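This report describes the fold, the strand pairing and the core packing of one protein chain. The structure comes first, and the description follows.

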Amino acid sequence: MTETTQRRNTATGTGQQDGGTASQGRRGDGTAPPEARGSTAVADVVVAKIAGMAAREIPEVHNLGGGMTRAFGAVRQRVPGGGSGVTQGVKVEVGERQAAVDLDVVVEYGAAIADTAADVRTNVINAVERMTGLEVVEVNIAVGDVHLPDEEEDEGESGQEGRRVA
């Protein structure tokens, strides 16, 4: 954020010193290239959503987030206005030109974890770099669980827990 402010101040200072050169560039006469006519800031939540969606595109990824994170996410989804949980299990650090992503992943039983992690990493890097223009310096993946075929999708959603006490 500091560099963006400094670049703006430098550009403004340069335009004032040489008699309005910067104002001519704003009129569209082509003196300044389009990429130098402003700045773009990408919010952390934007990168987190892109990374979460890209990770979920890999078929061997069952879900994102640890056990407690998934439990809170299930409750949050039931509350009106609670959100979709796309960023569940995703943490990002975003700078001006670079981003780092941490993912907590639940993989399907039988999937090769190393291959799945490589696929997730590649897909996340490609999606974030393509959509934001940021360089992804690292994608750290923590496999916190394996989803077994006979496990229920969301524990407690079947309504059986509410009927234990008569």
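Against which elements do the buried residues of α3 pack? They pack against β1, β2, β3 and α5. The model is a predicted one, and the rest of this report sets that packing in its context.

**Overall make-up**

The protein chain has 166 residues, 24% of which count as buried. Its secondary structure amounts to 5 helices and 4 strands, arranged along the sequence as α-α-α-β-α-β-β-α-β. The accessible surface of the chain is about 11000 Å², and carbon and sulfur atoms account for 50% of that surface. Taking the contacts between residues at least 6 apart in sequence, 70% join residues at least 24 apart.

**Strand pairing**

β3 takes part in each of the pairings listed here.

| Strands | Sense | Bridges |
|---|---|---|
| β1 and β3 | antiparallel | 3 bridges |
| β2 and β3 | antiparallel | 5 bridges |
| β3 and β4 | parallel | 11 bridges |

In the pairing of β1 with β3, leucine 64 stands opposite valine 105 of β3. β2 and β3 make a hairpin, with 3 residues between the two strands. Across this hairpin, lysine 91 stands opposite aspartate 102 in β3, and glutamate 93 faces alanine 100 in β3 as its opposite residue.

The parallel pair of β3 and β4 is joined by 11 bridges. Glutamine 98 has glutamate 135 of β4 as its bridge partner, while valine 106 stands opposite aspartate 145 in β4. Between these two strands the chain passes through α5, and the resulting β-α-β crossover is right-handed. Histidine 147 lies in strand β4. Its C-alpha atom is separated by 4.8 Å from that of glutamate 108, although the two residues are 39 residues apart along the chain. Is histidine 147 buried or exposed? Histidine 147 counts as buried because its relative accessibility is 9%, under the 20% cut-off.

**Nonpolar core**

The largest nonpolar core contains 23 residues. Within this core, the residues with the most contacts are Val90, Val101, Leu103, Val120, Val124 and Val128. Two or more residues each come from α3 (44-56), β1 (61-64), β2 (90-94), β3 (98-108), α5 (113-132) and β4 (135-147). Which element gives the most to this core? The answer is α3, with 6 residues.

Valine 90 shows how some of these elements meet. Leaving aside residues up to four places away in sequence, valine 90 touches Ala48, Ala51, Gly52, Leu64, Val101, Asp102 and Leu103. Among these contacts, Ala48, Ala51 and Gly52 are also buried residues of α3.

**Helices α3 and α5**

α3 has 13 residues and spans 18 Å from first to last C-alpha, close to the 18 Å expected at 1.5 Å a residue. Its buried residues are Val47, Ala48, Ile50, Ala51, Gly52, Ala54 and Ala55. An α-helix has 3.6 residues a turn, so residues three or four places apart point the same way. The buried residues of α3 include Val47, Ala51 and Ala54, and the buried set as a whole packs against three strands of the fold, β1, β2 and β3, and against helix α5.

Threonine 122 has its place in helix α5. The C-alpha atoms of threonine 122 and alanine 54 are 9.3 Å apart in space, with their positions 68 residues apart in sequence counted as separation. How does threonine 122 count in terms of accessibility, and why? Threonine 122 counts as partly exposed because its relative accessibility is 46%, which lies between the limits of 20% and 50%. Alanine 54, by contrast, is one of the buried residues of α3.

Methods
Residues are numbered from 1 along each chain as its sequence is written. This is a predicted model: local features need pLDDT of at least 70, side-chain atom pairs count only at pLDDT 80 or more; totals for chains, interfaces and linings use all residues. Side-chain values use heavy atoms; hydrogens and water are left out. A nonpolar core is a set of buried Ala, Val, Leu, Ile, Met, Phe, Trp, Tyr and Cys residues joined through side-chain atoms within 4.5 Å. Buried means under 20% relative accessible area, exposed over 50%, partly exposed in between (1.4 Å probe, protein chains only). Contact means heavy atoms within 4.5 Å. Accessible areas come from the Shrake-Rupley method with a 1.4 Å probe; for residues, only the protein chains shown count as cover. Two strands pair if DSSP finds at least two bridges between them. A crossover is right-handed if, with the strands pointing away from the viewer, the path from the first strand over the helix to the second runs clockwise. The expected span of a helix is 1.5 Å times one less than its number of residues.
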